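The following exercises are to be worked through with the sequence and the coordinates at hand. Each one sets a task and then gives a solution in steps.

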Amino acid sequence: MTLEAAPYFLGLALSAFSLSGLLSGPLFGHWSDRTGTTKKIILFANLFEIVGNFMYFMGYSKWLLLSSRLVAGIGAGAGSSIFGLLTRSTSPEDRATVFAAVMACRQAGLLIGPAFNIFLRLCDFQLGPFVVNKFTSPGLFMCLLWILLQLAVMFMYWDLPPLERVKANGTSISHNREEESEQVEEEEENDEEKPLMGSQEVAGSYGSVVASNPTSNHNSEVSNATLNHISPPLSPEPTESHESSSPFKNFSISREFLREEVVVLLAAQFITLFNQTALETMVTPMTQKYFGYRELENSVMYCLCGVEVIAGFLFVRWLSNRVAERVVLAIGLIICNISGVWCLIFLANPIGGFPWQLTEFIIGVFLQVLGLPFVAVAQVSLFSKVTAEKTQGFSQGVRRSVGGLATILGPLWAGGLTENMYIMMGVMMALLAILTLMLAFSYDRLVAPTTEVHEEEPENCGQPADT
């Protein structure tokens with residue numbers, strides 16, 4: 001309003017961030033799959049976040065604000081590299097718990113972030129040529145946070161070695177140790193059979209120089225080579241074989257993503273994020289219309305939602321150790337369907353007085369936030385298992401791009417139908433019903449594929465698996 005922008009311009013600014021992240025995610029993921037590194041990608045992506053948030057802080061025109069969201073969204077694409085790293089560095093059994101912890105931090109940040117407006121709205125001072133007020137202070141605050149993160153990544157983070165390489169090194173270490181022990185036993189047996197004075201000692205006179213035994217030199221060289229081999233570096237080696245550095249050699253997009261189980265998981269990603277962002281867009285106008293909420297009240301509400309979602313992710317982290325991911329996904333969809341029906345009945349046209357309307361609103365928001373951790377953790381964990389591990393960065397980028405498309409369309413859909421709540425929530429409920437049917441028909445396929453482990457033959461550990 002202060003920049004004389006049309007009402008639709010807010011939707012454009014919100015969608016701009018998701019649009020650039022949608023495009024940059026697969027590129028960052030492809031980069032991480034090619035190089036096997038993540039630190040450089042994070043440092044590079046954070047520069048876009050720092051510049052984009054500083055542009056938002058400057059904010060002297062609506063077009064600068066739109067550009068700032070586009071620039072900052074490019075940095076968000078590094079999330080695909082991070083999820084690819086987590087997939088390569090964790091075992092399938094522990095992956096859901098790790099993803100639950102990481103996504104709890106991310107989702108808590110998304111929901112708790114607006115709570116910082118409790119003190120940012122009080123800012124009103126001059127910083128050089130820039131005005132710091134409740135509209136520009138979030139940009140400055142986020143810019144400082146990204147700078148702190150940049151320093152933390154630079155000095156406190158290093159790339160983890162891929163789990164396959166750790167297993168291969170462990171197998172080769174045990175194999176070499178067995179060979180070394182067998183060689184020592186053979187040497188001891190040979191030493192017992194040898195005479196006290198060798199032929200060279202008899203032939204050589206006192207004070208003469210006797211040539212060293214080439215066999216003992218060879219054994220010492222083998223021992224040194226073995227010792228050097230069983231002390232691998234902790235960080236990934238920069239130079240690898242040509243095959244391991246080309247994970248896309250036999251990669252096919254249609255073969256990878258046009259499979260039943262992958263389509264179901266991508267649909268779960270799209271529909272849940274579409275409904276979530278649509279409801280988030282609807283919440284603020286609804287609280288203003290029925291309850292008279294302003295910045296403070298809405299910030300407190302988001303803070304409470306953040307507490308709930310953190311508790312939900314912690315519960316899913318515990319639950320994922322006891323049941324399969326597809327069971328967690330089914331539980332989440334059941335909760336989302338209950339939430340959709342409740343919102344369609346009670347929030348599309350609230351009935352009763354203020355206490356009843358507030359109660360209906362609280363229950364609807366509670367159910368919506370409750371189902372989110374179940375679906376989010378289950379679908380990302382299953383997706384990492386049904387897609388190729390060597391191209392996880394790119395695959396996670398595609399998954400996040402599908403989610404980015406949902407976060408673009410969700411606010412646009414809800415923003416244009418705030419006066420037609422039955423149509424808006426009816427379509428959202430229909431999407432949930434379609435997803436539930438897809439899950440029911442494809443339930444048996446939502447499991448990790450059974451593959452042969454390379455540990456049977458240690459010499460083949462460096463060869464890529466067929467996809």
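**Exercise 1. To how many aromatic pairs does the count come?**

Solution. In this predicted model, the count comes to 18 aromatic pairs. One of them joins Phe 44 and Phe 48, whose ring centres are 5.2 Å apart and whose planes stand at 80°; because an angle over 60 degrees counts as edge-to-face, the pair is put in that class. Both residues belong to helix H2 (residues 39-58), where they are 4 residues apart, about one turn of the helix.

**Exercise 2. Classify the ring pair of Phe 291 and Phe 354, and determine which parts of the chain the pair ties together.**

Solution. Begin with the geometry: the centres are 5.7 Å apart and the planes lie at 85°, so the pair is edge-to-face. Next, place the partners: Phe 291 sits in the loop between helix H12 (260-290) and helix H13 (295-319), while Phe 354 belongs to helix H15 (residues 354-386), so the pair ties together parts that are 63 residues apart in sequence. Then turn to accessibility, where Phe 291 counts as buried at 11%, whereas Phe 354, at 44%, is partly exposed. Finally, Phe 291 and Phe 354 form one aromatic cluster together with Tyr 290, Tyr 293 and Phe 361.

**Exercise 3. Find how many salt bridges the structure holds, and describe those of Arg 88 and Glu 261.**

Solution. The structure holds 5 salt bridges. In one of them Arg 88 meets Asp 33, with the closest N and O atoms 2.9 Å apart; Arg 88 lies in helix H4 (residues 79-89) and Asp 33 in helix H1 (residues 8-35), so that distant parts of the chain, 55 residues apart, are linked. Arg 88 counts as buried at 12% relative accessibility, and Asp 33 counts as buried at 7%. In another, Glu 261 and Arg 445 meet at 3.1 Å, N to O, and since Glu 261 lies in helix H12 and Arg 445 in the segment after helix H17 (421-441), the pair ties together parts that are 184 residues apart in sequence. Glu 261 and Arg 445 are also linked with Arg 259 and Glu 260 in a network of salt bridges.

**Exercise 4. Which backbone nitrogens does the side chain of Asp 159 reach?**

Solution. First locate Asp 159, which is found in the loop between helix H7 (137-156) and helix H8 (163-193). Asp 159 is buried yet has no salt bridge, the nearest side chain of opposite charge being that of Lys 39, 7.6 Å away. The side chain of Asp 159 does, however, reach the backbone nitrogen of Thr 38 at 3.1 Å and the backbone nitrogen of Lys 39 at 3.0 Å.

Technical notes:
Residues are numbered from 1 along each chain as its sequence is written. This is a predicted model: local features need pLDDT of at least 70, side-chain atom pairs count only at pLDDT 80 or more; totals for chains, interfaces and linings use all residues. Side-chain values use heavy atoms; hydrogens and water are left out. Helices (H or I, at least four residues) and strands (E, at least two) are DSSP runs, numbered from the N terminus. Buried means under 20% relative accessible area, exposed over 50%, partly exposed in between (1.4 Å probe, protein chains only). Lys and Arg count as positive and Asp and Glu as negative; His and the chain ends are not counted. A salt bridge is a side-chain nitrogen of Lys or Arg within 4 Å of a carboxyl oxygen of Asp or Glu. A polar contact is a pair of N or O atoms within 3.5 Å; within protein, one must be able to donate a hydrogen and the other to accept it, and residues adjacent in sequence count only if both atoms are side-chain atoms. Rings of Phe, Tyr and Trp (its six-membered ring) pair if their centres lie within 6.5 Å; planes under 30 degrees apart count as stacked, over 60 as edge-to-face and the rest as tilted.
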